[in-house]
Amino acid sequence: MTETGRLRRAPAQSRSRERVERILDAARELVCDSGIEAVTTRTIAERAAVPVATLYQFFANREAVFQQMLERDIERIDRRIAEDVQALRASSIADAIAVFATVHRTHFLQHLEFVALYFATGDRELVRTHQRRCAVSFGQLLITSGLVPAHTDHRVFAVAIAIAEGTIEQAYRSAPRNEWVVGQGRMVLQLYLEAHCG
């Protein structure tokens with residue numbers, strides 16, 4: 001993912017980079033406060049304390065702001081997962097699911113606006129790239145923990161991530177969060193992965 005993927009122009013100076021970060025942080029706050037539909041480029045600029053013309057120097061519209069927010073968050077999650085998985089081992093399939101889910105769930109609970117953006121406005125290719133990275137990391141955790149054979153078809157991990165993402169969407173896309181759905185998703189995911197243990 002490139003830092004400038006959704007930007008009209010790359011901020012060259014530190015002051016410009018700081019403004020872009022303020023715009024993204026302001027948009028995040030507004031989505032949290034009022035929901036996606038209530039956010040406009042004008043309200044983002046006001047919250048960021050920048051002229052709306054400054055926002056348009058960097059972003060074509062509010063969707064471009066949302067996409068840049070999403071890229072930034074996905075990059076952070078992917079980095080955390082890659083770092084965490086290197087050091088972790090799981091003692092069972094259930095444990096591997098819990099370990100891997102903790103990184104995502106922690107981020108989702110702290111940033112519910114990310115979930116709304118990810119599932120409602122997310123660039124499909126960006127989301128697919130993230131899902132592929134998750135599948136690789138999850139597969140690595142399962143294989144290095146000795147829970148599935150090293151020759152396991154990589155598509156097994158891709159399907160596992162699809163199950164997990166469907167669960168997350170159902171559980172967290174709207175308030176209140178539905179922990180029952182999370183439990184059901186974990187059960188389905190565990191049964192699926194256990195079928196590929198041998």
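**Exercise 1. Determine how many cavities of 30 Å³ or more the structure holds, and describe the lining of the largest one.**

Solution. The structure, a predicted model, holds 1 cavity of 30 Å³ or more, where a cavity is a set of points, on a 1 Å grid over the protein atoms alone, at which a 1.4 Å probe fits but cannot get out. About 300 Å³ of space lies in the largest cavity, the volume being the space filled by probe spheres set on the points.

Next, take the lining, that is, residues with an atom within 4 Å of a point: of its 19 residues, I97, A101, A164, I168 and L189 are the closest to the centre. Helices α5 (93-110), α7 (124-144), α8 (154-172) and α9 (179-194) each supply at least two lining residues, and the largest share, 7 residues, comes from α8.

**Exercise 2. Locate A49 and state its phi and its exposure.**

Solution. A49 lies in the loop between α2 and α3 (52-58). Although A49 is not a glycine, its phi is positive, at about 60°. With 61% relative accessibility, A49 counts as exposed, a class that requires over 50% (1.4 Å probe, protein chains only).

**Exercise 3. Assess the confidence of the model by its pLDDT.**

Solution. The mean pLDDT, a per-residue confidence from 0 to 100, is 84 for the protein, and 90% of its residues reach 70 or more. Among the elements, helix α2 (residues 41-48) has the highest mean, 96, and helix α6 (residues 112-120) the lowest, 73.

Residues are numbered from 1 along each chain as its sequence is written. Local features need pLDDT of at least 70, side-chain atom pairs count only at pLDDT 80 or more, and totals for chains, interfaces and linings use all residues, while side-chain values use heavy atoms, with hydrogens and water left out.

Terms used
pLDDT = per-residue confidence, 0-100. Helix = DSSP H or I, 4+ residues; strand = E, 2+ residues; numbered from the N terminus. 1 Å grid on protein atoms, 1.4 Å probe; cavity = no way out; pocket = protein on both sides within 12 Å on 5 of 7 lines; lining within 4 Å. Buried < 20%, exposed > 50% of the residue type's maximum accessible area, 1.4 Å probe, protein only.
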